[in-house]
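Reader: Please present the model under discussion, so that its confidence, helix packing and aromatic contacts may be considered in turn.

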Amino acid sequence: MVIKEWKHVFKLDPERAISDEALERLCLSGTDAIMVGGSTGITYDNTVDILSRVRRYEVPCVQEISAIEAVVPGFDLYFIPAVLNTDDARWMTGMHHTALRRYGSFMEWDKLIPEGYVILNDECTAAQLTGSSAPADAKDLTAYALMVDRLYRMPVFYVEYSGVFGNMEWVAQAKSALQHTRLFYGGGIRTAEQAKAAAAAADTIVVGNIIYENLEQALTTIQTKPFPNVAAQFV
Ligand code: 1GP
């Protein structure tokens with residue numbers, strides 16, 4: 001599974017209800033992956049439930065871990081956030097330390113994708129939970145990008161605006177500082193235009209809330225992939 005090729009991801013919140021029909025449309029939509037995760041109300045049971053339903057389809061299914069007790073075997077990959085813009089060390093290293101004390105001897109290391117996570121919407125649940133404070137400007141965000149790419153060498157820099165559409169100039173500027181790390185952008189993508197703008201600024205876009213508000217709108221966030229230029233192969 002090559003996350004480097006992912007352009008679009010749907011994020012499902014196990015706490016929120018979704019019909020079989022809606023789930024089928026998401027899984028067959030052409031999205032590159034389904035990510036399962038959320039900030040609150042995540043349990044082993046509701047995570048197993050959504051995993052088993054997504055598994056009827058071929059689409060890759062990954063878990064973004066926010067609660068140790070809700071880690072479920074059987075996902076393709078596990079995204080492990082480390083929140084960088086909080087002073088509360090539990091969200092940077094504390095949870096990881098607890099998890100590794102408990103499960104360190106039987107981890108499937110190849111399936112873990114560490115994410116350097118920066119939360120830019122101070123009002124969202126993740127910000128309230130982790131006590132993060134949003135970067136002040138593009139330079140501030142870019143310093144985090146450098147930290148993730150050059151210092152910690154993590155594969156993913158997750159720019160989280162959860163619930164609101166962010167500043168794409170800041171995102172683009174942060175992305176231009178990256179050499180190896182992939183920039184995931186999530187937050188407030190509700191229209192095809194926003195998806196296009198976010199996709200131009202980021203490597204991978206993540207679409208969450210709109211799935212539950214307006215499924216048709218959510219499906220428009222997948223960019224139509226251009227057909228390969230066949231003629232070009234012969235010149
Ligand atoms: C949330 O980044 C994701 O963790 C997606 O954000 O729910 O606002 O689409 P939205």
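Reader: What is the mean pLDDT of the chain?

Author: This is a predicted model, in which local features need pLDDT of at least 70 and side-chain atom pairs count only at pLDDT 80 or more, while totals for chains, interfaces and linings use all residues. Residues are numbered from 1 along each chain as its sequence is written, and side-chain values use heavy atoms, with hydrogens and water left out. pLDDT is the predictor's confidence in each residue, from 0 to 100. A value of 70 or more is reached by 95% of the residues, and the chain mean is 94.

Reader: Over which residues does pLDDT stay under 50?

Author: Where pLDDT is low, the predicted coordinates should not be read in detail. The stretch in question has zero contacts (heavy atoms within 4.5 Å) beyond four places in sequence. It comprises residues 229-235.

Reader: At what angle do helix α6 and helix α7 pack?

Author: Helices (H or I, at least four residues) and strands (E, at least two) are DSSP runs, numbered from the N terminus. Axes are lines fitted to C-alpha atoms, for helices over the stretch in contact, and angles run from 0 to 180 degrees between N-to-C directions. The axes of α6 (residues 168-176) and α7 (residues 192-201) are 8 Å apart. The two helices are therefore roughly parallel (angles under 35 degrees) to each other, at about 25°.

Reader: Which residues in α7 are met by α6?

Author: On the α6 side, the contact involves M168, V171, A172 and K175. Their partners in α7 are A197, A198 and A201.

Reader: How many aromatic pairs are found in the whole structure, and how far apart in sequence are the parts that Y158 and F184 tie together?

Author: Rings of Phe, Tyr and Trp (its six-membered ring) pair if their centres lie within 6.5 Å; planes under 30 degrees apart count as stacked, over 60 as edge-to-face and the rest as tilted. The search finds eight pairs, including the edge-to-face pair of F75 and Y78, with 5.9 Å centre to centre and 75° between the planes. Y158 and F184 form a tilted pair, at 6.3 Å and 35°. Y158 lies in strand β6 (residues 156-160) and F184 in strand β7 (residues 182-186), so the pair ties together parts 26 residues apart in sequence.

Reader: Are Y158 and F184 buried or exposed?

Author: Buried means under 20% relative accessible area, exposed over 50%, and partly exposed in between (1.4 Å probe, protein chains only). Y158 and F184 also belong to one aromatic cluster with W6, F79 and Y117. Both Y158 and F184 are buried.

Definitions and conventions
Angles under 35 degrees count as roughly parallel, over 145 as roughly antiparallel, 65 to 115 as roughly perpendicular and the rest as oblique.
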